[in-house]
Each structure stands twice: as structure tokens, then as C-alpha cells.
Amino acid sequence: MKKQLSDSFSIRNTTIRNRICVPPMVIYNWSDGSGYVDDKHVEHYRRLARGGAGLIIQEATCVTEEGKLAQTQLGIWEDGQIEGLRRITDAVHAEGCPIFVQIHHAGIVGIAQHALCPSAYVLGDKTGVEMSVEQIHTMQQAFISAARRAYQAGYDGVELHGCHRYLMCQFFNSRVNTRTDTYGTHPEQFVLEILDGIRKIVPEDFVVGIRLGAFEPTLQDGIRHAKILEEHGIDFLDISYGFTEEQEAEKPADFPYKDIIYAAGEIKKQVSVPVFAVNGIRVPEDARGALELTDVDMIDVGRSSLANPEWASDALAGRKADKCVDCSVCQWRINPDRCAGRLLHEKRQK
Ligand SMILES: Cc1cc2nc3c(=O)[nH]c(=O)nc-3n(C[C@H](O)[C@H](O)[C@H](O)COP(=O)(O)O)c2cc1C
Ligand code: SF4
């Protein structure tokens, strides 16, 4: 039977009330550099949850202070941060919505001057510092401890940030990761050991998924990584772009959505864990169409949920949903008050 946007389903014991997910989206300048949660984060996630999404995945939240993507990124690297994060999970749960947190390390893309990377890869004016095996083990422990904090803060699960050029993604892509040891010959090894470490310290119902690059560098590589992760017990695969400088993206000429949504559908054919698809979904008809065409389990609606936090309830009620108007540069990272889509949505609500 065809899936409907309004269908509920479960991942482990987490019930997800419909097929619309708000994917992780960082907002800078609400935290003060300490990585601690501000009231604005709490209200932002409360409103998204009230807006009817089936699941929220909280923005990339850094596992070490050195691994930050921006000075004011949220953090989950010390126990003191748990209390603030708990305020977000309480607010979201009170609206009947589960929440996972995306745990993240930027690697070579981060602000650290001597940024870590599996190999000495050159990106722009930066050369990644090749990680020693000891540094790899320390980093794995940072992800494992972050997952423990996520559990203590009340999240229903974590999403490992394994795409968009960041550290885990750098391990997956064989054109970036040219190591000759086991972390290079088995590029998924870095993540599998983290997954094992997390499973040992959290209860069975805690969800551990990954945002994974599909073209890493080719779709065949993405499919292989997905299958290995499934065999190793990953709970869901949220498919996005990988290391974009080193990817070979593809889709058939007549596929009506983004290549990455096509890729999510191809991965879905090969695995039985839930697969999420993302990118460029603006109107409810597209969410329904992509769900039907790819048979994935969840449709991520990113920027349109920022512009219209009630996008999910509009879509589920069959209403026309206000949407992102595709500014040349999305303002949310810098100054959400300048979001043209949100300003329009608020004007219409008055
Ligand atoms: C402001 C902003 C922040 C983002 N931050 C993250 C992030 O923290 N983690 C992540 O995996 N993707 C991040 N993304 C990517 C989105 O999750 C999503 O994949 C992308 O926006 C495409 O989906 P959309 O067309 O529905 O917006 C971000 C995107 C935007 C616009
Ligand atoms: S309308 Fe502009 S600022 Fe708002 S979400 Fe879309 S691109 Fe970002």
C-alpha cells in the first residue's frame, strides 16, 4: 500500500506521528560561543513541534569545542550543556513530537586552524591534519560521550552527521580518505566503532541513525555504505549530499525531484531500515509526489519549515502551505529575523 504523509510509524520505540521531518538546520548567533542553549532555541523548537511535524532533528550540535563549524554553534561536549538541551527536549515532547539531535564534528571544514581530517586533504587554503590512530580513538569517544549526554538530556535518539563534507563524511569518501590502515581500507570503520560504542552505553530503545552522503563519491559507494551500516544495526538513513567537491551525482533525466531524492529512493530499494529524503521540497504536492515515487519513509522539509513552522499541519490538513522563497543566501544561519519567507508567512497570519 502507498504511504501517505499522515501515516505514523515507529523507529525502535519512538512513535513518529507522520512522514514529515524537520531536518537539522544550524542557527548561529543565538548561542554565545559557549555552545549553551538560549531561550530562543527552546522557543524555536517548541514552535516547530507545535507546527505538526512528525519528527524534529535538532541542528548540528558539536561533540568537541575544537570541532565547531562556527564560533556560536550549539554544543554537546560537556555535561554542563545537558540542562539547556533538556529544555529543548521537554518543550518539543510537550507538543507530542519526538526529537533526535544531530551530533557533529566539522573536521577540515571547521574553524580550527589545524583542522583534523582522515588524510592530509587540501580544501581551499586549508590542508587537513591527518589524524593519528590515537586521535581517531579520542574522536570516537567524543561522539560516544555526546550520545550519552543526548540520552541524559531526553532526546529520543541521535543522528550522526555523516555527510555535507564534515569529519565523518571525510572518512566515507575514498577521494578524501586515502589512509592505508583499516580506517582507510574500510572507510565505514570509523563510524561503525562509534555505533558500537554508543550501543554499549544507551538503553535499547534509544535511536541511532545517520545522515549519510549518497554520492560518496558515487551512488554505488553510497549504497554500499548504507548496506554495511544497516548490517551493523543503524536505525535509519537520512540521505543527503556527501563531500560535494568529490562526488559524481546522477539521476535519470525524467526524475522530477533533486538527484539526492532519486538517490534516497535507490538506497531505499536496497535496505529495510527507514530512509529519509531531502532537498528542494517546497509544496505539499511535492512531498506527496516524492514519497510516492521513491517509497522512502520520511520526507525532510527544511527551509520551508523555517519560513513556515506550521508547514506540516498545513500540508496534513490539505491547505496551501506558505514556503521558503529561495533567497540567494539563506538568512537563518546569520539573522533569522530577515527570513523573507517567514516575514510573508507572519504577514498572512495577521
Ligand atoms: C540555515 C540552514 C542550516 C542548515 N544546517 C544543517 C545542519 O545543521 N545539519 C545538516 O545536516 N544539514 C543542515 N542544513 C541542510 C538542511 O538540513 C537541508 O538538507 C537543506 O536545507 C535542503 O533541504 P530544503 O530544501 O528542504 O531546505 C542546513 C540548511 C540551512 C538552510
Ligand atoms: S525564505 Fe530565504 S531566509 Fe527564509 S528559509 Fe528560505 S532561503 Fe532561508
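Which atom of A60 lies 3.1 Å from an oxygen atom of ligand 1? In this predicted model, the atom concerned is a backbone N or O atom of A60. Two side chains also approach ligand 1 through polar atoms. An N or O atom in the side chain of Q102 is 2.7 Å from a nitrogen atom of the ligand, and a polar side-chain atom of H164 lies 3.5 Å from a nitrogen atom of ligand 1. Of the 610 Å² of accessible area that ligand 1 has on its own, the protein covers 93%.

The shell around ligand 1 consists of 19 residues. The closest are P24, Q102, G280, G302 and R303, and Q102 is also the residue whose side chain makes the 2.7 Å approach to a ligand nitrogen. By class, the shell contains 9 nonpolar, 6 polar and 4 charged residues.

Ligand 1 takes up the space of the largest pocket. The volume of this pocket is about 690 Å³, and 26 residues form its lining. Nearest the centre of the largest pocket lie P24, M25, H164, R211 and R333. P24 is thus named both among the closest residues to ligand 1 and among those nearest the pocket centre. H164, another residue nearest the centre, has the polar side-chain atom that lies 3.5 Å from a nitrogen atom of the ligand. The lining of the largest pocket divides into 14 nonpolar, 7 polar and 5 charged residues.

Ligand 2 occupies an enclosed site, the space it takes being the largest cavity. Its surroundings are formed by R303, C324, V325, C327, C330, Q331, W332, C339 and G341. Four cysteines, C324, C327, C330 and C339, are included in this set. The shell around ligand 2 comprises 6 nonpolar, 2 polar and 1 charged residues. R303 is found in the surroundings of ligand 2 and is also among the residues closest to ligand 1.

The second largest pocket has a volume of about 300 Å³. Its lining is made up of 15 residues, with W30, W332, P336, D337 and R342 nearest the centre. W332, one of these residues, also belongs to the surroundings of ligand 2. Helices α1 (39-50) and α12 (340-349) each contribute at least two residues to the lining of the second largest pocket, and the largest share, 4 residues, comes from α1. The lining of this pocket contains 6 nonpolar, 3 polar and 6 charged residues.

Conventions:
Residues numbered from 1 in each chain as written. Chains lettered and ligands numbered in written order. Predicted model: local features only at pLDDT ≥ 70, side-chain atom pairs only at ≥ 80, totals over all residues. Heavy atoms only, no water. Near = heavy atom within 4 Å. Polar contact = N/O pair within 3.5 Å; in protein donor to acceptor, adjacent residues only side chain to side chain. Areas by Shrake-Rupley, 256 points an atom, 1.4 Å probe, with all protein chains shown as cover. 1 Å grid on protein atoms, 1.4 Å probe; cavity = no way out; pocket = protein on both sides within 12 Å on 5 of 7 lines; lining within 4 Å. Sits in = over half its atoms within 2 Å of the grid points. Nonpolar A, V, L, I, M, F, W, Y, C, P; charged D, E, K, R; others polar. Points joined across faces, edges and corners; volume = space filled by probe spheres on them.
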